[in-house]
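User: Please take a close look at one part of this model, the pocket and what lines it, and then follow the chain outward into the packing around it. I would like one connected account rather than a list.

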Amino acid sequence: MIFHLGQIVKHVRFGYRGVVYHCDAEFSLTDEWYDEMAKSKPPKDKPWYGVLVHGSKSATYVAQRHLVLSQNKSKIDHPDIVYYFDEFDGFEYRPRQLN
């Protein structure tokens with residue numbers, strides 16, 4: 001996998017920024033979801049990431065080929081950040097430790 005939890009990424013086609021909160025080594029949703037949502041048909045056998053989208057309440061599930069590291073490292077504004085991350089170090093978020 002290229003990205004890890006807490007990294008700030010940018011979607012190459014749609015331009016939104018977000019933070020990686022979930023990583024799958026390969027696609028893990030249903031074929032129905034893939035057929036409906038993955039219009040460019042990215043490979044299922046490559047990594048996919050859950051991304052909390054900056055400035056919204058949305059989260060997306062994105063194929064690795066559609067993401068790059070964001071050059072803009074400012075904080076992500078998303079209400080669910082506190083559930084996944086403890087702090088922001090100026091570059092990325094530190095994942096919350098489970099007790």
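Analyst: For sorting a lining by class, Ala, Val, Leu, Ile, Met, Phe, Trp, Tyr, Cys and Pro count as nonpolar, Asp, Glu, Lys and Arg as charged, and the others, Gly among them, as polar. Sorted in this way, the lining of the largest pocket in this predicted model holds 10 nonpolar, 4 polar and 2 charged residues. The volume of the largest pocket is about 330 Å³, and of the 16 residues that line it, those closest to its centre are His-11, Phe-14, Met-37, Ala-38 and Tyr-61. Helix α1 (31–37) and strand β4 (59–63) each supply at least two residues of this lining, and β4 gives the most, with 4 residues.

Strand β4 is therefore a natural place to continue, since it gives the most to the lining, and Ala-63 is found in that strand. Ala-63 counts as buried because its relative accessibility is 3%, under the 20% that sets the limit. Leaving aside neighbours within four places in sequence, Ala-63 is in contact with Pro-42, Pro-47 and Trp-48; its C-alpha also lies 8.8 Å from that of Glu-26, although the two are 37 residues apart in sequence.

Two of these partners, Pro-47 and Trp-48, lead further. Pro-47 is found in the loop between α1 and β3, and at 11% relative accessibility it counts as buried. Beyond its neighbours within four places in sequence, Pro-47 is in contact with Met-1, Asp-24, Ala-25, Glu-26, Val-62, Ala-63 and Gln-64, and the C-alpha atoms of Pro-47 and Phe-27 are 6.7 Å apart in space across a sequence separation of 20 residues.

From here strand β3 (48–53) comes into view through the nonpolar packing. The largest nonpolar core has 9 residues, namely Phe-3, Val-9, Tyr-16, Val-20, Tyr-49, Val-51, Val-53, Val-62 and Leu-67, and its largest share, 3 residues, comes from β3. In soluble globular proteins, nonpolar side chains tend to be buried together. Within this core, Tyr-49, leaving aside neighbours within four places in sequence, is in contact with Met-1, Ile-2, Phe-3, Val-20, His-22, Cys-23, Thr-60, Tyr-61, Val-62, Gln-64 and Leu-67. These contacts include Tyr-61, one of the residues closest to the centre of the pocket. Apart from the largest core lies another, of 7 residues, among them Ile-8, Val-19, Ile-81 and Phe-85.

The aromatic rings add a further level of detail, with 13 aromatic pairs found in the whole structure. One of them joins Phe-3 and Tyr-49, whose ring centres are 5.4 Å apart and whose planes stand at 75 degrees, so that the pair is edge-to-face. This pair links distant parts of the chain, with Phe-3 in the segment before β1 (8–11) and Tyr-49 in strand β3, 46 residues apart, and both residues are buried. A further pair is formed by Trp-33 and Trp-48, with centres 6.2 Å apart and planes at 75 degrees, so this pair is edge-to-face as well; it links Trp-33 in helix α1 to Trp-48 in strand β3, 15 residues apart. The two tryptophans differ in burial, because Trp-33, at 26% relative accessibility, counts as partly exposed, whereas Trp-48, at 2%, counts as buried. Ring pairs also link Tyr-21, Tyr-84, Phe-85, Phe-88 and Tyr-93 into a cluster, and Phe-85 belongs to the 7-residue core as well.

Notes. Residues are numbered from 1 along each chain as its sequence is written. This is a predicted model: local features need pLDDT of at least 70, side-chain atom pairs count only at pLDDT 80 or more; totals for chains, interfaces and linings use all residues. Side-chain values use heavy atoms; hydrogens and water are left out. A nonpolar core is a set of buried Ala, Val, Leu, Ile, Met, Phe, Trp, Tyr and Cys residues joined through side-chain atoms within 4.5 Å. Buried means under 20% relative accessible area, exposed over 50%, partly exposed in between (1.4 Å probe, protein chains only). Contact means heavy atoms within 4.5 Å. On a 1 Å grid over the protein atoms alone, a cavity is a set of points where a 1.4 Å probe fits but cannot get out, and a pocket is an open set with protein on both sides within 12 Å along at least five of seven lines; lining residues have an atom within 4 Å of a point. Grid points are joined across faces, edges and corners, and a volume is the space filled by probe spheres set on the points. Rings of Phe, Tyr and Trp (its six-membered ring) pair if their centres lie within 6.5 Å; planes under 30 degrees apart count as stacked, over 60 as edge-to-face and the rest as tilted.
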